[in-house]
Amino acid sequence: MSGFKSDFMRIVHERGMVHQCSDAQRLDELLASGVRTAYIGFDCTADSLHIGHLLQIMLLRWWQKSGHRPIALMGGGTTKVGDPSGRDETRQLLTTAQIDSNMATIKRSFSNYLTFGDGPTEAVMANNADWLDGLLYIPLLRDVGRHFSVNRMLTMDSVKLRLDRDQPLTFLEFNYMILQSYDFVELHKRYNCIAQMGGSDQWGNIVMGADLGRRMQGAELFALTSPLLSTASGAKMGKTAAGAVWLNPDRLSPYDFWQYWRNTEDADVGRFLRLFTDMPLSEIAKLEALQGQEINEAKKILATEVTALAHGKQAAESAAETARRTFEEGTKADTLPTIDMARAKLKAGIPAFELLHDAGLVESRNEARKLIKGGGARLNDKPIASDTATVGEGDLDSSGTLKLSAGRKRHVLVRAV
C-alpha cells in the first residue's frame with residue numbers, strides 16, 4: 001500500500017475502497033505525473049440516489065481531493081435502455097420526462113461531495129444523452145458493434161445470471177454494455193478521461209469500455225472498482241424496514257439518515273468511518289478501538305460525519321441533538337420527522353397499525369400489527385396495547401402533536417392540521 005506514488009491510489013487502498021484495478025502501477029504513475037480525469041456513471045431510475053451509491057461518490061470525492069478532475073455522468077441516455085446488472089427482471093421503462101425529472105433531483109446529491117466548475121480539477125456533470133440520443137443505429141452497429149464479441153457478452157455476469165435463471169433478457173437491455181462502453185470512448189474524446197470507476201458488479205462492463213477505447217482510438221484507459229458491501233452480520237447495505245436509505249432529504253429525513261448510521265453494528269464502525277468519511281485514519285483507529293458502551297460514542301461520530309457530508313453540518317448537528325434529547329432526556333424533540341394529518345381523521349379515530357404504516361415507520365400494515373403484538377410500537381412513549389387499538393384526538397398534546405415510535409430508535413411526530 002505504501003508503494004504508491006499518487007495520493008489517490010494510496011488513500012483509496014489504505015481505506016479499503018478498491019476491489020479490482022486494471023494495471024494499478026501504470027495508473028499510479030499517470031496520477032503522480034499530472035492532473036487526470038475519471039468518471040462514474042449514475043442511471044436515473046429513481047428521483048434520488050441511495051447509500052448503495054455512496055462509496056462511488058466517495059471515490060469521486062477522493063479523486064478530486066487528490067488533485068484530479070472527477071466526472072459524475074448522468075445516464076440520461078442509458079436509463080432509456082436499463083442496466084441488466086444485478087436484476088432478475090426487466091426494468092420498467094421510464095419516459096424521457098421522468099428521466100429528466102429524476103436527473104434534476106439526483107444532481108443535488110453531489111453538491112456537498114464535489115466542487116463543480118470550469119477549473120482543471122473542478123468536477124463536471126455530464127449527461128450521456130448528449131451523445132447517445134443522436135446516434136444513428138446502422139452507423140453505430142458498423143463503427144462500434146463490430147468491436148463486440150457476442151460470445152464474450154454472453155459470459156458477462158449481467159447477462160449470464162439472467163440466462164442461468166431463465167429470466168428474460170430483452171435485446172434492448174443486451175445493448176446496455178455497448179452503450180456504456182461507448183460512454184467511455186466519448187468521455188475520453190471530450191475530456192481526456194482515462195479511468196472509469198464503479199461497483200465490482202460493473203467490472204466486466206468497464207473493462208469492455210476500456211477495450212473499446214483501445215480499439216477505436218488507441219487510448220490507454222483504466223478500470224477501477226470498489227467492493228460490494230454488506231454489514232458484518234452479512235446483511236445488504238442500505239436496507240431498512242422502511243425501505244432504501246435515500247440521499248435526498250425529501251425521500252428520507254436527515255434525522256432518519258443519521259439514525260441509520262447510529263445503528264451500525266459494532267464490528268462495522270471502523271470500516272464505515274474509513275469508507276464514508278474524510279476522517280484521518282489515526283483518529284479512526286482510536287474510535288475503532290473503543291469497547292463496550294464507549295463504541296456508541298464512535299457510532300454517533302460516524303452518523304454525524306456521514307450526515308454532514310450528505311446534508312450539511314447544520315442538519316447533522318440538529319439530528320444528533322434531536323437524538324440526544326429523545327433518548328437521553330426522554331423529551332419529545334420538536335425536530336423529529338413530522339407528518340401532518342387531518343384533525344378530523346384523528347377525531348374519528350385511526351387504527352394504530354394503519355398510522356404506523358402511514359407514518360413510514362413500517363413497510364406494511366401487516367408488519368405494523370406484528371410490531372404492536374411484539375411490544376415494539378409505542379404511542380407517546382407508552383406501548384400500544386393491542387393491534388386493534390385506535391389513535392384519536394385525545395392522544396394529542398397541547399401543541400396538537402403525538403409521538404409514534406417503532407422500536408427504541410425510530411420516531412415520528414404526527415401533527416393535527
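## Helix H8 and its neighbours

The buried residues of helix H8 pack against four helices: H7 (150-153), H9 (171-174), H10 (176-191) and H11 (203-217). Contact here means heavy atoms within 4.5 Å, and buried means under 20% relative accessible area, with exposed over 50% and partly exposed in between (1.4 Å probe, protein chains only). Helices are DSSP runs of H or I with at least four residues, numbered from the N terminus.

The model is predicted: local features need pLDDT of at least 70, side-chain atom pairs count only at pLDDT 80 or more, and totals for chains, interfaces and linings use all residues. Residues are numbered from 1 along each chain as its sequence is written, and side-chain values use heavy atoms, without hydrogens and water.

## Two sides of H8

H8 spans residues 157-164, and Ser158, Val159 and Arg162 are its buried residues. These lie on the same side of H8 because they cover an arc of only 95° around the axis, taken from the directions from the helix axis to the C-beta atoms. Asp157 and Asp164, on the other side, are exposed. Just after H8, Asp166 has a positive phi of about 60°.

## H10 against H11

The axes of H10 and H11 are 8 Å apart and make an angle of about 55°. Axes are lines fitted to C-alpha atoms, for helices over the stretch in contact, and angles run from 0 to 180 degrees between N-to-C directions. The angle makes H10 oblique to H11; under 35 degrees counts as roughly parallel, over 145 as roughly antiparallel, 65 to 115 as roughly perpendicular and the rest as oblique.

Technical notes. Helix = DSSP H or I, 4+ residues; strand = E, 2+ residues; numbered from the N terminus.
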